[in-house]
Amino acid sequence: MFMSLKEWIQESNNIVFFGGAGVSTESNIPDFRSDNGLYKKKYPYPAEIMLSHSFYLSHPKEFFDFYFNQMIYPNAKPNKAHYALSKLEEMGKLKAIVTQNIDGLHQFAGSKNVYELHGSVLRNTCTHCQMKYSLEDMMKYRDSDGIPRCPKCGAIIKPDVVLYEEGLDEYTLYSAVHAIEQADLLIVGGTSLVVYPAAGLIDYFHGKHLVLINKDSTNMDSKADLVIHNSIGKVLDDSVCEVYVK
């Protein structure tokens, strides 16, 4: 199976990678829907509720308590999958990464052309004066309730993360669709493909080969040219190293 992927990577010059939470689990960031995922843990409210726009507005203290404790992993480092994709981009083969992740690990690994569908914890904006803040600032400027507040005007600093009930950024979405439409090889990894509209982006692919790499089955397996149930870090690292050596 790996051999087919290596061959397709070798012959392709317009690869797009579409990834989800499973890409970052090997960096010790938990996913959402697995047995050990975020949604299986017990909280005062369901996790989906606590990550909604309305909950952020009505319960800012509880929202940020959950956000900082469950969504922020400042010590996480890129893994083999992130570095393999960065290497593919460096080789000129990978044209874009479309990710549902908000951790910024693709950029830390060196990838340049990354479309973050659900935003990033690394970007934060004051809801009043629009000042921009880093993740370090967010953690530093928390008030006695744990709510990050702008030191200039006192308003809440909101993370650039797409919450439930919020729409995706139109430019990011358009750019992701365009990249997928142009690709000749689409590698989908670490995603259960159940979160829409992100999962629907695969429908825009009309290239040669669709590859799915995920530890569990997805509802798109039957549409793929190759399905690999294995560690995404191992699969990408092995495949890219082989191509790189050639």
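# Exercises on a predicted model

In this predicted model, G19 has G189 of β7 as its bridge partner.

**Exercise 1. Determine how β1 and β7 are joined, and place both strands in their sheet.**

Solution.
- Step 1. Start from the pair already named: the partner of G19 lies in β7 and is G189.
- Step 2. Count the bridges between the two strands: β1 and β7 run parallel and are joined by five bridges.
- Step 3. Extend to the whole sheet. Six strands, paired in parallel, follow the order β3-β2-β1-β7-β8-β9, and the sheet is open.
- Step 4. Examine the edges. β3 (114-116) and β9 (226-228) each have a single partner strand, so one side of each lacks a neighbour in the sheet.
- Step 5. Add the twist: on average, and with direction ignored, neighbouring strands of this sheet are turned by 15° against each other.

**Exercise 2. Classify the ring pair formed by Y56 and F64, and describe its surroundings.**

Solution.
- Step 1. Two quantities are required, since a pair of aromatic rings is described by the distance of the centres and the angle of the planes.
- Step 2. The whole structure holds ten aromatic pairs. For Y56 and F64, the centres are 6.1 Å apart and the planes make an angle of 75°.
- Step 3. Apply the cut-offs: centres must lie within 6.5 Å, and planes over 60 degrees apart count as edge-to-face. The pair Y56 and F64 is therefore edge-to-face.
- Step 4. Widen the view. Y56 and F64 belong to one aromatic cluster together with F63, Y67 and F68.
- Step 5. Check the face of Y56: K158 lies over it, 5.6 Å from the ring centre. Both Y56 and F64 are buried.

**Exercise 3. Identify which element gives the most to the largest nonpolar core.**

Solution.
- Step 1. The core has 27 residues, among which F63, F64, F66, Y67, M71 and V121 touch the most other members.
- Step 2. List the elements that give two or more residues: α2 (47-50), α3 (53-58), α4 (60-71), β4 (119-126), α7 (135-140) and β6 (157-161).
- Step 3. Of these, α4 gives the most, with six residues.
- Step 4. Separate from this core is a second one of 24 residues, including V23, A81, I187 and V235.

**Exercise 4. Decide whether C126 and C153 form a disulfide or remain unbonded.**

Solution.
- Step 1. The sulfur of C153 has its closest cysteine sulfur in C126, 3.4 Å away.
- Step 2. A disulfide requires sulfur atoms within 2.5 Å. The separation of 3.4 Å is therefore too far for a bond.
- Step 3. The count for the structure is zero disulfides.
- Step 4. Compare accessibility: C126 is buried at 1% relative accessible area, whereas C153, at 34%, is partly exposed.

**Exercise 5. Locate N28 and Q130, and state what is notable about their phi angles.**

Solution.
- Step 1. Recall the background: most residues other than glycine have a negative phi.
- Step 2. N28 is not a glycine, yet its phi is positive, near 65°. Q130, also not a glycine, has a positive phi of about 70°.
- Step 3. Place each residue. N28 is in the loop between β1 (15-19) and α2, and Q130 is in the loop between β4 and β5 (132-133).
- Step 4. Assign accessibility: N28 is exposed at 67%, while Q130 is partly exposed at 46%.

Conventions. Residues numbered from 1 in each chain as written. Predicted model: local features only at pLDDT ≥ 70, side-chain atom pairs only at ≥ 80, totals over all residues. Heavy atoms only, no water. Phe/Tyr/Trp six-rings, centres within 6.5 Å; stacked < 30°, edge-to-face > 60°. Buried < 20%, exposed > 50% of the residue type's maximum accessible area, 1.4 Å probe, protein only. Lys NZ or Arg CZ within 6 Å of the ring centre and 35° of its normal. Core = buried A, V, L, I, M, F, W, Y, C linked by side-chain atoms within 4.5 Å. Helix = DSSP H or I, 4+ residues; strand = E, 2+ residues; numbered from the N terminus. Pairing = 2+ DSSP bridges. Axes fitted to C-alpha atoms, helices over the stretch in contact; angles between N-to-C directions.
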